[in-house]
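Please open the model in a viewer and keep the selection tool at hand. The tour below proceeds by selections, each followed by a description of what is found there.

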Amino acid sequence: MKLLLVIGLQVFEAGLEALATLSEAVRGSLNQYLKQFMVPLAKRLSETNFRDTVNKALQTVETNGGREATQIIKLKIPTYNSVIGGPG
């Protein structure tokens, strides 16, 4: 069981990295799909071992997706601090 948990955590981290990489490649085109990612990311934000990694991925997505991405992120994760600045 413990091995499955470790593998699951590695898969989540790889997924975060893929999300950030995809965001860099397609920029704002990813915005229309962001809502689907927000619930799992919000859940992982409450876990201390994932907080920094999730925040980094969200910042990458926001930077590449612009204000529209900021609004989508803030809608599902109201406590998120924007790296773009200004109202979300």
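Contact here means heavy atoms within 4.5 Å. The model is a predicted one.

Begin with helix α2, residues 34–45. Its 12 residues reach 16 Å from the first C-alpha to the last, close to the 16 Å expected at 1.5 Å a residue. Next, colour Leu-34, Met-38, Leu-41 and Leu-45, which are the buried residues to view in α2. Looking down the axis of α2, one finds its buried residues within an arc of 85°, so they line one face of the helix. An α-helix has 3.6 residues a turn, so residues three or four places apart point the same way. Now rotate to the face of α2 turned away from the buried side, where Gln-36 and Lys-43 are exposed.

Return to Met-38 and display its surroundings. Apart from neighbours within four places in sequence, Met-38 is in contact with Leu-58, Ile-72, Ile-73, Lys-76 and Ile-77.

Then select the largest nonpolar core, which has 18 residues. The members that touch the most others are Leu-34, Met-38, Leu-41, Val-54 and Leu-58. Helices α1 (2–26), α2 and α3 each supply at least two residues of this core, and α3 gives the most, with 8 residues.

Finally, move to Glu-62 in helix α3, residues 48–76. Which side chain of opposite charge is nearest to Glu-62? That side chain is Arg-67, 6.6 Å away; Glu-62 is buried yet has no salt bridge. Not counting residues up to four places away in sequence, Glu-62 touches Ala-69, Thr-70, Ile-73, Tyr-80, Ser-82, Val-83 and Ile-84.

How values were computed
Residues numbered from 1 in each chain as written. Predicted model: local features only at pLDDT ≥ 70, side-chain atom pairs only at ≥ 80, totals over all residues. Heavy atoms only, no water. Helix = DSSP H or I, 4+ residues; strand = E, 2+ residues; numbered from the N terminus. Buried < 20%, exposed > 50% of the residue type's maximum accessible area, 1.4 Å probe, protein only. Lys, Arg positive; Asp, Glu negative; His and termini not counted. Salt bridge = Lys/Arg side-chain N within 4 Å of Asp/Glu carboxyl O. Expected span 1.5 Å × (residues − 1). Arc of directions from axis to C-beta. Core = buried A, V, L, I, M, F, W, Y, C linked by side-chain atoms within 4.5 Å.
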